[in-house]
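Dear colleague,

Here is the structure I promised to pass on to you. Please look it over first, and then read my notes below alongside it.

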Amino acid sequence: MDNVDEKLTIFNEIFLNTLDKHAPVKTIKVRGNSCPFITPEIKASMIKRDQLHSLFRKTRDHYDWLNFREARNFTKTARVNAQKEYVLKEVQQHRNNTGSLWKVIKENIAYRERESVVHSKEPKLVAEEFNHFFSTIGVNAAKKASTLIQDPSVYPARNLSDVNRTDNSYPEENDRFSFTPVSCSEIRNIILAMPSNKSPGKDKVSMRVIKHSLPVILGPLTDIINCSLSSSSFPIAWKEAEVIPLLKDGNHEEASNNRPLSLLTFLSKICEKIALNQFGSYLMKNKKLSTHQSGNKKHHSCETLKSFDRRYYPKGHGWEIGYCTDSNRSI
């Protein structure tokens, strides 16, 4: 069987049916954020505070109120100091890791609880309006761009005589890119390196489930991915995503006030990661990327941009040559 869609259909049918039988999806109540800085002493103080509060509510005695207030203030001060020490320790420990540092900040920063969503229209009607808006936004943007590019006041003509034009000729036969088959060990390493706390896609299969099922599904998954690479065909099922709206501002029932977020299946992300690794290695090995490029480049970011990058920036009514550095921009 050489059809990658047929292979994936059979795989999904067996895999998903097995999961539905032995590991069905369940709805659970998620508890609040953990507080690792709470010590046994603070817990004992909180219990004593609650007991004194309960006693005061029964007696309404002024002396009991003073005891409760003293215990409450003591507990609050101890909790705040413990949290400060914990956050300071975590920041010092992860100061060289931007991702971990932001995670510490988000876990300890105060946030506003979400308000319950109330719909004034039928949810099905709202979903259809959102679906129509999100599916046509790309087409509408392309139409607007085609009209704007013909407007000289918006997109003035540029003099590119001093710019080195790229050669559009095809590369040599031995220099052309082509995908190569991958091994089970390579796919295993990619899966184990992927985070397990991301939201699943349409199939509702989390990365944690995939990692636990890896000894069984690794062989068939490798065959499907290699079939996709060799045939240069991406399975149709992997192109489908669950789109959820994220409210930006304003009325949540207005589609234009929301940003679409596409949740892809993890199996498709694994295949995309393999394709990215191979294509990225080809570009780096054959020096197809500019030495000044830091975006979409492994081990590079805006923090690693140290050299000048010659670009074109709009200035006045025309286009002037500007220079971009890692700290400022001058035009």
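**What was found**

Pro220 has its place in helix α8, and with a relative accessibility of 37% this proline counts as partly exposed. Please keep in mind throughout that this is a predicted model, and that the values below were computed from it. Although Pro220 and Leu8 are 212 residues apart along the chain, their C-alpha atoms are separated by 9.1 Å.

As for the chain in general, the protein has 9 helices and 5 strands, and, read from the N terminus on, these elements follow the order α-α-α-α-α-α-α-α-β-β-α-β-β-β. The chain holds 331 residues, of which 22% count as buried, and it exposes about 25300 Å², with carbon and sulfur atoms supplying 54% of that area. If you take the contacts between residues with a separation of 6 or more, 57% of them are made by residues 24 or more positions apart.

Helix α8 comes up again in the largest nonpolar core, which has 27 residues, and the members that touch the most others in it are Ile187, Ile191, Ile210, Ile225, Ile270 and Ile274. Two or more residues of this core are given by each of α1, α6 (184-193), α7 (207-212), α8 and α9, and the largest share, 8 residues, comes from α8. To take one of those isoleucines in more detail, Ile191 touches Met207, Ile210, Lys211, Leu214, Leu221 and Ile270, when residues up to four places away in sequence are not counted.

Helix α1, which spans residues 4-22, also gives the most to the lining of the second largest pocket, with 3 residues. This pocket has a volume of about 510 Å³ and is lined by 16 residues, among which Val25, Lys26, Pro200, Lys204 and Ser206 lie nearest its centre. By type, the residues of this lining divide into 10 nonpolar, 2 polar and 4 charged.

Two individual positions may be worth finding on the model, one in a helix and one in a strand. Ser45 has its place in helix α2, residues 40-59, and it counts as buried because its relative accessibility of 12% falls under the 20% limit. Leaving out residues up to four places away in sequence, Ser45 touches Ala71, Phe74 and Thr75. Arg259, for its part, has its place in strand β2, residues 258-263, and at 44% relative accessibility this arginine counts as partly exposed. Apart from neighbours within four places in sequence, Arg259 is in contact with Phe134, Ile244, Pro245, Leu246 and Lys248. Of these partners, Phe134 is 125 residues apart from Arg259 in sequence, while the two C-alpha atoms are 8.8 Å apart in space.

Finally, there is a point about backbone angles. Most residues other than glycine have a negative phi. Against that background, Ser232 has a phi near 55°, which is a positive value in a residue other than glycine. Ser232 is found in the loop between α8 (214-231) and β1 (242-247), and it counts as exposed, because its relative accessible area of 65% is over the 50% limit. Lys287 likewise has a positive phi, near 55°, and is a residue other than glycine. Lys287 lies in the loop between α9 (266-285) and β3 (309-315), and with a relative accessibility of 73% this lysine counts as exposed.

With best wishes

Technical notes:
Residues numbered from 1 in each chain as written. Predicted model: local features only at pLDDT ≥ 70, side-chain atom pairs only at ≥ 80, totals over all residues. Heavy atoms only, no water. Helix = DSSP H or I, 4+ residues; strand = E, 2+ residues; numbered from the N terminus. Buried < 20%, exposed > 50% of the residue type's maximum accessible area, 1.4 Å probe, protein only. Contact = heavy atoms within 4.5 Å. Areas by Shrake-Rupley, 256 points an atom, 1.4 Å probe, with all protein chains shown as cover. 1 Å grid on protein atoms, 1.4 Å probe; cavity = no way out; pocket = protein on both sides within 12 Å on 5 of 7 lines; lining within 4 Å. Points joined across faces, edges and corners; volume = space filled by probe spheres on them. Nonpolar A, V, L, I, M, F, W, Y, C, P; charged D, E, K, R; others polar. Core = buried A, V, L, I, M, F, W, Y, C linked by side-chain atoms within 4.5 Å.
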